[in-house]
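Me: Please walk through this model with me. I will ask short questions, and each reply should reason its way to a value or a name.

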Amino acid sequence: SLQPFDAPCLTDADRELRTSAAEVLTLFGASAAPAIPVLLEALRSNDERLRSAAAAALGATASPIILNPLVDVVQFDASPAVRDAAVTAIARIGRPAVPTLVELLRDNDDEIRARATEGLRLIGPAAMAAVPDLKRSLGEVSPTVRLGAAEAIWAISSDAAASYPTAIALLAEPDRTLRMRAHRLILTIGRTSAPPEMIAELERLAVSRDPRVRQAAYIALREIAQEQP
């Protein structure tokens, strides 16, 4: 019989083998459902890679019964990588996961709310019921949550008017990663619809005193123009 995932007698090779097995199960999709009990046990392992692999394999099954255990991972796991894997796994459940992710949008923790926006973004149009809650999240103090909400709204509904103002406002964000995400969202919207109001705002920012904002706006205008017929 299999020993517990963190039994003291397990070697590094044993843990590597179990992680590899979980990674292979990801390829089986819904056919991996019989392994759900073992994968749920693996979520409690002390090994970060095994927990991430187990979360991914559980997501591949797309079974609603894995939803609550994965939410626990999002809320309580010590590893950001494992929490990310759990959110991605939740998103693979699709529409049945939407109410749970909407509930996570109301969590007291900024990081959990941001991950909820990411899960809804990954679900896409099937998460349309979450758009009103995401629009409320655009008023958050946390720039990460605001941008995540804007990205999710665009991915779900292609509502440029609701999405681009947040992205443009965050071009001046000190955090480089957030600035880059905001810039990508602007480019994605611009290549699809290029709303005149967004273009006008970018033109205004292209002469900003802030060199980061000025450069981002200029590059966005140039790349959007190249995409237009």
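**Salt bridges and helix 9**

Me: In this predicted model, which residue forms a salt bridge with Lys-135?
Reply: The closest N and O atoms of the pair are 3.3 Å apart. That is within the 4 Å cut-off for a salt bridge. The partner of Lys-135 is Asp-159.

Me: How many residues apart are Lys-135 and Asp-159?
Reply: Lys-135 sits in helix 8. Asp-159 is in the loop between helix 9 and helix 10. The pair links distant parts of the chain, and the separation is 24 residues.

Me: What is the relative accessible area of Lys-135?
Reply: Lys-135 counts as partly exposed. Its partner Asp-159 is also partly exposed, at 23%. For Lys-135 the value is 38%.

Me: How far apart in sequence are the parts tied together by Arg-113 and Glu-140?
Reply: Arg-113 forms a salt bridge with Glu-140, with the closest N and O atoms 2.8 Å apart. Arg-113 lies in helix 7, and Glu-140 lies in the loop between helix 8 and helix 9. The pair therefore ties together parts separated by 27 residues.

Me: Is Arg-113 buried or exposed?
Reply: Buried means under 20% relative accessible area. Glu-140, at 17%, is buried. Arg-113 has 8% relative accessibility, so Arg-113 counts as buried.

Me: What distance separates the end C-alpha atoms of helix 9?
Reply: Helix 9 covers residues 143-157, which is 15 residues. At 1.5 Å a residue, the helix should span 21 Å. The model agrees, with the end C-alpha atoms separated by 21 Å.

Me: Which helices do the buried residues of helix 9 pack against?
Reply: The buried residues of helix 9 include Val-145, Leu-147, Trp-154 and Ile-156. Their side of the packing is met by residues 110-123, 131-137, 160-169 and 176-192. Those are helix 7, helix 8, helix 10 and helix 11.

Me: Which side chain of opposite charge is nearest to Glu-173?
Reply: Glu-173 is in the loop between helix 10 and helix 11. Glu-173 is buried yet has no salt bridge. The nearest side chain of opposite charge is 5.4 Å away, and the cut-off is 4 Å. That side chain belongs to Arg-146.

Me: Which residue forms a salt bridge with Arg-212?
Reply: Arg-212 is in contact with Glu-173. Its salt bridge lies elsewhere, with the closest N and O atoms 3.6 Å apart. The partner of Arg-212 is Asp-210.

Note on methods:
Residues numbered from 1 in each chain as written. Predicted model: local features only at pLDDT ≥ 70, side-chain atom pairs only at ≥ 80, totals over all residues. Heavy atoms only, no water. Helix = DSSP H or I, 4+ residues; strand = E, 2+ residues; numbered from the N terminus. Expected span 1.5 Å × (residues − 1). Buried < 20%, exposed > 50% of the residue type's maximum accessible area, 1.4 Å probe, protein only. Contact = heavy atoms within 4.5 Å. Lys, Arg positive; Asp, Glu negative; His and termini not counted. Lists of a residue's contacts leave out its neighbours within four places in sequence.
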